[in-house]
Structures are given as structure tokens and as C-alpha cells.
Amino acid sequence: MPGCAFVDGQYVAPEDAKISIFDWGFLHSDATYDVAHVWQGKFFRLSDHIDRFFASMDRLRLDPGKTRDEVRAVMHECVRRSGLREAYVEVLCTRGLPAPGSRDPRSCTNRFMAFAIPFVWIADPARQARGIDLFISEVQRIAPASVDPRVKNYHWLDMVGALFQAYDRGAETAVLVDAAGHVTEGPGFNVFAWVDDELITPASGVLEGISRRTVIELARARGLPVREAPLPAADLRRADEVFLSSTGGGVIGISRVDGVPVGGRPAGEFGPVTKQLQAAYWGLHEDPRYVETVEYG
Ligand SMILES: Cc1ncc(COP(=O)(O)O)c(C=O)c1O
């Protein structure tokens, strides 16, 4: 795989990016991470991703041993060395290894890593053109009282279980609910529904996605009513438009929910709100206030 990784202070090829199996990031999912993307040689909203990464690490009492500027420099360097113009750029901080024989997280030496690999889509444009089928799983997203969903985390057993259910039903991806049966999020994305002439995205129990924030800002700037509110599964089923938001592809239209065409449209055809926000999202990638150029040299 093309790309470049940064592990234990060294830049290495992706196939050489390895850590100990005794790292608690692996053994206990005791880690956090963030993912930014590079599009046409430019990072999108990089400062916002770095802010969220540091907020996540603060909440978990993890110390990457790097300043914000150093993290930014490593991300740029991974992309520069990879030569990738479209990249998926991840930074991670794991709890690391404890002192020999200790089970005390305070004895661990935290480990910072990063990598840049080719852009990873939730569903690429060709896939979107064929129409994406979203399944509403009855699997509950891990409770916010147990794992703070604002901390980007690897607690994905619920997500993976829901994905297998979706595949078993011929759907392509899944969204999970909370204990009240309200929609939360899915593997790698937030959810939006255009229902009763307003845009709703779940208010709580979700990662505060950078793409979600971008969509909310874009909608407000266009005078579209948008609200962060509980989203009952029934409202997602009757919505006129449904889309996902993710660093892995921006605004991604959904054609069917539980096998039923959204808004009665043919597969791959999307409503005006989805189309408008999708165009606006990619348009922002030209706006110097949101992008940062990679110096490939
Ligand atoms: C669980 C979850 N929710 C939402 C998102 C979307 O966040 P962002 O827009 O910052 O990519 C992600 C991204 O990977 C995610 O893993």
C-alpha cells in the first residue's frame, strides 16, 4: 500500500508500521485517534481535527508527548513523504505499555503514531451513483455514560455487529440506535435527515464530527433550518432526504432506508438539500480559510 507512517519517532513504510501486541491500545481499546483528509494536495480543517484530537486525549488522560505544532508537522510530513494528493491521515495515541507487572494505567508510557494512506471512502462516488442502502440496526451504540462518544474511539464491536446485520439483509451500512430507540451514528459517519422541512441530526450520543459541523454551518449559511435534536428511527424512515457526513467522503446521499426508497426517488438520485450541501462541502475545499497546502517539494 502506498503511504507513510510515523511510529516510535520514525517515518516508515506502511508495511513496517508495527507496535507491540502488549500495547493497551490493542489489548484494551485504550486509545484515541483522529482522521483528517487531504484533497487535491490540501488538508481540510486540519486545526479542527487537531483540536478534537487533543480534547480527546485530555479526556482520556493521554499524553502524546507532542505539541499541537509537532502533531501538525508529523501529519504534513507523512503526506509529503507519501506523495499522495488524496489521503486519509490518521493520528493515534494509545495508552502504551505499563511498567512490568503493573495494571496501573498511570504507569503506562503513552504512544503517539500517525499515518497517511490513500483516501478511504465510506462509499465512493461510483457506489453512491448505484444508491446506498442504510439499515437501522436495533444494536445500541455504546452508552455515552460508559464511553464518551465525543472522544473518537475504537469501541466498535457494536458498529461491527450492526454492519454484519446490514450485510445479512443486503444493505451496505448501518446506523445504530440508543436506549430510547433514537438514531445515533454509524461506522465512521454522522447522520442527517430532512424531515418536515427541516434538517435534523442527532444531538447527543455521537461523535461531534468535523463534517457534521461543516454541514450545520453550511446549512445555516444557506438559510436552511437545521437542528441538533433526538431523531427517532421512525423519522429517519419517513424522511424526504437522508445523508451521512464523514471525513471519508463528505456528504453521502442515502437511497434506501431499510430497503425503502428515500423520498420515493430512484436509486442514486438525491434531493435538493443533499445535492446543495454536497456541492457546498466540496466547494469549501477551495476556500483558503479551510484548507492547508501540503509542501510536497
Ligand atoms: C463513530 C463516528 N461518528 C462520526 C464520524 C464522522 O466524523 P468526521 O466528520 O469528523 O469524520 C466518525 C468518523 O470517523 C466516526 O468514527
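**View A. The lining of the second largest cavity comprises three nonpolar, four polar and one charged residues.** In these classes, Ala, Val, Leu, Ile, Met, Phe, Trp, Tyr, Cys and Pro count as nonpolar, Asp, Glu, Lys and Arg as charged, and the others, Gly among them, as polar. The model is predicted: local features need pLDDT of at least 70 and side-chain atom pairs count only at pLDDT 80 or more, whereas totals for chains, interfaces and linings use all residues. Residues are numbered from 1 along each chain as its sequence is written, and side-chain values use heavy atoms, with hydrogens and water left out. The lining of the second largest cavity consists of Phe 44, Arg 45, His 49, Ile 210, Ser 211, Thr 214, Thr 247 and Tyr 281. Its largest share, three residues, is supplied by α6 (helices, H or I, of at least four residues and strands, E, of at least two are DSSP runs numbered from the N terminus). The volume of this cavity is about 40 Å³, a volume being the space filled by probe spheres set on grid points joined across faces, edges and corners.

**View B. The largest cavity holds about 50 Å³ of space.** On a 1 Å grid over the protein atoms alone, a cavity is a set of points where a 1.4 Å probe fits but cannot get out; a pocket is an open set with protein on both sides within 12 Å along at least five of seven lines, and lining residues have an atom within 4 Å of a point. Two cavities of 30 Å³ or more are present in the structure. Residues lining the largest cavity include Glu 241, Val 242, Arg 265, Glu 269 and Phe 270. Its lining has five nonpolar, three polar and three charged residues.

**View C. The largest pocket encloses about 570 Å³ of space.** Its lining numbers 33 residues, with Lys 152, Trp 156, Pro 187, Gly 188 and Phe 189 nearest the centre. At least two lining residues come from each of β3 (31-39), α5 (157-168), α6 and β12, and α5 gives the largest share, three residues. By class, 17 are nonpolar, eleven polar and five charged.

**View D. The ligand occupies the largest pocket.** A molecule sits in a pocket if more than half of its atoms lie within 2 Å of the grid points. Around the ligand are 17 residues, of which Lys 152, Glu 185, Ile 210, Ser 211 and Thr 247 come nearest; a residue is near if one of its heavy atoms lies within 4 Å. This shell contains six nonpolar, eight polar and three charged residues.

**View E. Side chains of Glu 185, Ser 211 and Thr 247 approach the ligand.** A polar side-chain atom of Glu 185 is 2.8 Å from a ligand nitrogen atom. Ser 211 places a polar side-chain atom 2.5 Å from a ligand oxygen atom, and an N or O atom in the side chain of Thr 247 lies 2.6 Å from an oxygen atom of the ligand. The ligand on its own has 390 Å² of accessible area, of which the protein covers 94% (Shrake-Rupley method, 1.4 Å probe). α6 (210-221) and β12 (241-246) are the elements that give two or more residues to the shell around the ligand.

How values were computed
Polar contact = N/O pair within 3.5 Å; in protein donor to acceptor, adjacent residues only side chain to side chain.
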